[in-house]
Amino acid sequence: MSQLHAKKVLQYKERFKKEAEELLLTGFPSTILKLNALIVTPKFKKRDFSDMHENLTSLSKSDLCVDLDLDKGDSVPQAKRPKYDDSACQTKVSCRLLQTNRFLIDLIETVKPPMIKLVEDAKIMKMWISYMIPKIEDGNNFGVEIQEETLALVHAVETCAALFYERISRYFCSRAKVIKNIIKYPDVEDYKRAVQELDEKEYVSFCLVMSDIRNHYCSLHDVFLKNLDKLKAPRTHHPTESLY
């Protein structure tokens with residue numbers, strides 16, 4: 001049984017290495033071209049932000065909340081109401097939901113899939129290199145050093161992509177704090193301007209993030225192709241070779 005399991009694991013590793021190499025040779029170029037085509041669209045080339053700003057001039061507690069007195073207009077006498085319904089007589093407050101910036105939401109939903117894909121592809125490349133690292137031996141380890149350097153590069157790209165993803169939640173938290181101040185201090189114009197500036201800054205940032213994702217794919221593809229032979233067969237008799 002153990003031999004059968006070992007054989008299946010070995011088959012999985014060989015299949016995984018073929019799929020990873022296919023991802024490198026065809027998947028990466030295809031992704032790069034798609035990102036290039038997306039980056040040059042008008043969505044990522046906005047220079048006039050006036051249509052992106054939302055009207056925040058009427059934000060205040062009175063505009064957002066409505067008192068609901070359930071006793072008003074009620075023809076049922078108080079004495080005839082069931083005892084368990086006494087809480088319904090209290091005045092309640094209903095607040096409408098404040099929508100976030102729709103333009104930024106659309107942009108984030110466009111950028112998010114490439115972010116996630118970059119993290120997933122980096123994990124595949126890391127595992128691929130790990131499977132190709134030979135057993136530890138004395139001497140003739142230059143090819144292994146190239147594998148380790150490439151592995152470190154892929155890990156750095158994966159970490160960077162994960163940080164891209166974290167900035168999404170940070171943006172919403174920062175914007176929500178400013179909105180709270182607008183509601184609390186509706187006469188302070190600086191808070192309203194702060195929201196507009198924050199939206200503009202995040203728009204530019206997410207456009208740069210998309211370019212960075214494309215650049216990460218380009219750099220990984222370039223390094224892998226230049227060192228593909230050494231990555232796949234690290235043990236050689238040419239110690240003078242170096243990482244491109």
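Me: Angles over 145 degrees count as roughly antiparallel. In this predicted model, what makes helix 4 and helix 5 roughly antiparallel to each other?

Reply: Helix 4 (residues 142-184) and helix 5 pack at about 170°, with 11 Å between their axes. That angle is over 145 degrees, so the pair counts as roughly antiparallel.

Me: And what kinds of residues make up the contact of helix 4 with helix 5?

Reply: There you'll find 20 nonpolar, 5 polar and 6 charged residues.

Me: Why is helix 3 called roughly parallel to helix 5?

Reply: Look at the angle again: helix 3 (residues 102-132) packs on helix 5 (residues 189-226) at about 25°, their axes 10 Å apart. Angles under 35 degrees count as roughly parallel, so helix 3 and helix 5 get that label. The crossing of helix 3 past helix 5 is left-handed, and their contact divides into 18 nonpolar, 2 polar and 4 charged residues.

Me: How do you know that the span of helix 3 agrees with its 31 residues?

Reply: Take 1.5 Å a residue and you'd expect 45 Å; the end C-alpha atoms sit 46 Å apart, so the two agree.

Me: Where does the kink in helix 3 lie?

Reply: At Val111, shortly before the proline Pro113, with a bend of about 25°.

Me: What makes Asn101 a cap for the N-terminal end of helix 3?

Reply: One of the Asn101 side-chain oxygens lies 3.0 Å from the backbone nitrogen of Phe103. A polar contact needs its N or O atoms within 3.5 Å, so this pair passes on distance.

Note on methods: Residues are numbered from 1 along each chain as its sequence is written. This is a predicted model: local features need pLDDT of at least 70, side-chain atom pairs count only at pLDDT 80 or more; totals for chains, interfaces and linings use all residues. Side-chain values use heavy atoms; hydrogens and water are left out. Axes are lines fitted to C-alpha atoms, for helices over the stretch in contact, and angles run from 0 to 180 degrees between N-to-C directions. Helices (H or I, at least four residues) and strands (E, at least two) are DSSP runs, numbered from the N terminus. A crossing is left-handed if the near helix is turned anticlockwise from the far one by less than a right angle, and right-handed if clockwise. Ala, Val, Leu, Ile, Met, Phe, Trp, Tyr, Cys and Pro count as nonpolar, Asp, Glu, Lys and Arg as charged, and the others, Gly among them, as polar. The expected span of a helix is 1.5 Å times one less than its number of residues. The bend at a residue is the angle between axes fitted to the seven residues ending there and the seven starting there. A polar contact is a pair of N or O atoms within 3.5 Å; within protein, one must be able to donate a hydrogen and the other to accept it, and residues adjacent in sequence count only if both atoms are side-chain atoms.
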